[in-house]
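This briefing describes a single protein model for use at the bench. The sequence and structure are shown first, and the notes that follow are grouped by topic.

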Amino acid sequence: MARRVMVELPHCRYPIVIGAWAISEWSSLVLASGASRAGVFVVADACVAELHRARISQVVEDKELTTIASGETSKSLAEAERIYQALGAARVGRDGVIVAIGGGVVGDLAGFVAGTWMRGIRFLQVPTTLEAAIDAAVGGKTGVNTAHGKNMVGVFHQPIGVIVDLEFLATLPDRDVRAGLAESIKHAAIRDPAFLEWHEANAGAILRRDAATLGELIARNVAIKADVVSRDEREAGLREILNYGHTIGHAIEHLMGYELRHGECVALGMIAENEIAVGRGLLAREGADRIRALIASLGLPTRLPTRLDPAEIWAACQHDKKNRGGAVRMAVLQGIGAATAISDATDAEVSRVIEVVMPLP
Ligand SMILES: NC(=O)c1ccc[n+]([C@@H]2O[C@H](COP(=O)([O-])OP(=O)(O)OC[C@H]3O[C@@H](n4cnc5c(N)ncnc54)[C@H](O)[C@@H]3O)[C@@H](O)[C@H]2O)c1
Ligand SMILES: [Zn+2]
């Protein structure tokens with residue numbers, strides 16, 4: 001039985017369907033949105049298209065499939081232009097719908113194209129990584145990278161639905177599953193103490209990829225993300241808490257030359273940012289220790305593989321897109337289950353806390 005979570009926004013609502021073979025619901029979602037079945041245009045990650053040919057052909061039917069080379073470099077204006085050309089050739093009009101099958105790269109890219117083609121056409125997300133299923137595919141942020149940084153050009157564009165077919169996840173390497181779990185720890189830590197306990201109690205089943213456990217994990221994550229987004233779609237306030245672990249995490253990701261997975265960097269970012277919260281009396285030491293222990297038990301790194309220069313970490317934090325008026329913005333925990341944004345983190349504070357994730361001598 002597929003699970004369903006609704007995203008309710010002031011101007012639209014859409015379902016997230018989670019289950020084995022959930023892909024079979026694609027046509028009913030397309031028809032319910034008012035799009036024409038003839039206008040379906042499928043964009044898929046090349047690696048996923050190869051691994052899941054039969055599953056994807058159910059959606060493509062007799063139409064062309066547009067594939068995107070795996071990797072962050074595909075999230076570019078050049079790739080967006082290539083998709084625009086293909087949309088034009090296929091005569092996809094305002095009643096068309098782009099179906100994005102892949103991880104966050106394909107979802108962000110195809111979502112951006114859907115949000116801008118003819119000033120916005122429908123878009124269906126079919127995330128195939130855990131990261132995309134529990135985070136990227138929900139919430140309507142789309143975009144591409146430029147030479148000036150990640151996600152520099154983008155639009156808010158909500159999908160007509162999200163289909164998480166658990167069969168796709170079966171081919172995901174263990175390292176990518178663990179990386180996705182960092183976002184799950186993030187959601188629990190900022191919003192749901194009982195869910196954090198659930199991770200502690202179910203770490204073994206999660207890592208074994210027990211189907212019922214993964215289904216529950218994804219459903220609880222998307223419910224948290226949907227709730228936060230419904231209260232603050234455009235990140236005017238509350239949505240900022242989703243950036244917990246991401247200010248220092250993005251700095252690490254950038255300085256490590258994208259050698260580490262995004263989720264691995266977020267895990268390290270949460271550990272370091274927790275020390276800021278502890279230092280300010282916002283989070284008890286036991287809370288920080290608990291999260292570090294959970295990160296370790298889910299097979300994520302708790303230390304960097306090589307030493308980084310704290311001054312460079314600070315400089316990278318200062319370049320973060322989230323900053324306003326020159327101040328570094330960060331979301332830190334206020335106990336387990338709550339978070340708040342701060343904009344007065346200092347160079348000295350970040351240089352001190354980054355030591356907790358440096359390699360042991
Ligand atoms: N829009 C948002 O709100 C949001 C939120 C979080 C992350 N993101 C973005 O998401 C991107 C990261 O997403 P990601 O971690 O999914 O990375 P990704 O899309 O690069 O996928 C990771 C790798 O997994 C492979 N892959 C995908 N599905 C697979 C499967 N089922 N089996 C085997 N291999 C598979 C891909 O080919 C790729 O090599 C980043 O660009 C990030 O900025 C966006
Ligand atoms: Zn993230």
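Helix H13 (residues 285–297) has 13 residues, which at 1.5 Å a residue should span 18 Å, and its end C-alpha atoms are indeed 18 Å apart, in agreement. The expected span is 1.5 Å times one less than the number of residues in the helix. Helices (H or I, at least four residues) and strands (E, at least two) are DSSP runs, numbered from the N terminus.

The model is predicted: local features need pLDDT of at least 70, side-chain atom pairs count only at pLDDT 80 or more, and totals for chains, interfaces and linings use all residues. Residues are numbered from 1 along each chain as its sequence is written, chains are lettered from A and ligands numbered from 1 in the order in which they are written, and side-chain values use heavy atoms, with hydrogens and water left out.

**Helix H13 and its surroundings**

- Gly287, Ala288, Ile291, Leu294 and Ile295 of H13 are buried; buried means under 20% relative accessible area, exposed over 50%, and partly exposed in between (1.4 Å probe, protein chains only).
- These buried residues cover an arc of only 125 degrees around the axis, which puts them on the same side of H13; the arc is that of the directions from the helix axis to the C-beta atoms.
- The cover over the buried residues of H13 includes H8, helix H9 (193–207), H12 and strand S10 (330–333), where contact means heavy atoms within 4.5 Å.
- Gly299, just after H13, takes a positive phi of about 80 degrees.

**Zinc site**

- The zinc ion (ligand 2) has Glu183 (OE), His246 (NE2) and His262 (NE2) as its protein donors, at 2.0 to 2.1 Å.
- Donors are N, O and S atoms within 2.8 Å of the metal (3.2 Å for Na, K and Ca); water is not among the atoms, so sites may look incomplete.
- Along the chain, the donors of this zinc ion follow the spacing E-x62-H-x15-H.
- Glu183 lies in helix H8 (residues 174–191) and His262 in helix H12 (residues 262–279), so the pair ties together parts that are 79 residues apart in sequence.
- Glu183 is buried, at a relative accessible area of 0%, whereas His262 is partly exposed, at 21%.

**Positive phi outside glycine**

- Glu61, a residue other than glycine, has a positive phi near 50 degrees.
- The loop that holds Glu61 runs between helix H3 (53–60) and strand S4 (65–68), and Glu61 is partly exposed at 38% relative accessibility.
- Arg209, likewise a residue other than glycine, has a positive phi near 60 degrees and is found in the loop between H9 and helix H10 (211–231).

**Cysteines**

- The structure holds zero disulfides, a disulfide being a pair of cysteine sulfur atoms within 2.5 Å.
- The closest cysteine sulfur to that of Cys317 is in Cys265, 12 Å away and too far for a bond.
- Cys317 is buried at 0% relative accessibility, while Cys47 is partly exposed at 39%.

**Overall fold**

- The chain comprises 15 helices and eleven strands.
- Its radius of gyration is 20 Å, close to the 21 Å that the globule rule gives for 361 residues, so the chain is as compact as a globular protein of that length.
- The radius of gyration is taken over C-alpha atoms, and the globule rule is 2.2 Å times the number of residues to the power 0.38.
- Buried residues make up 56% of the 361 residues in the chain.
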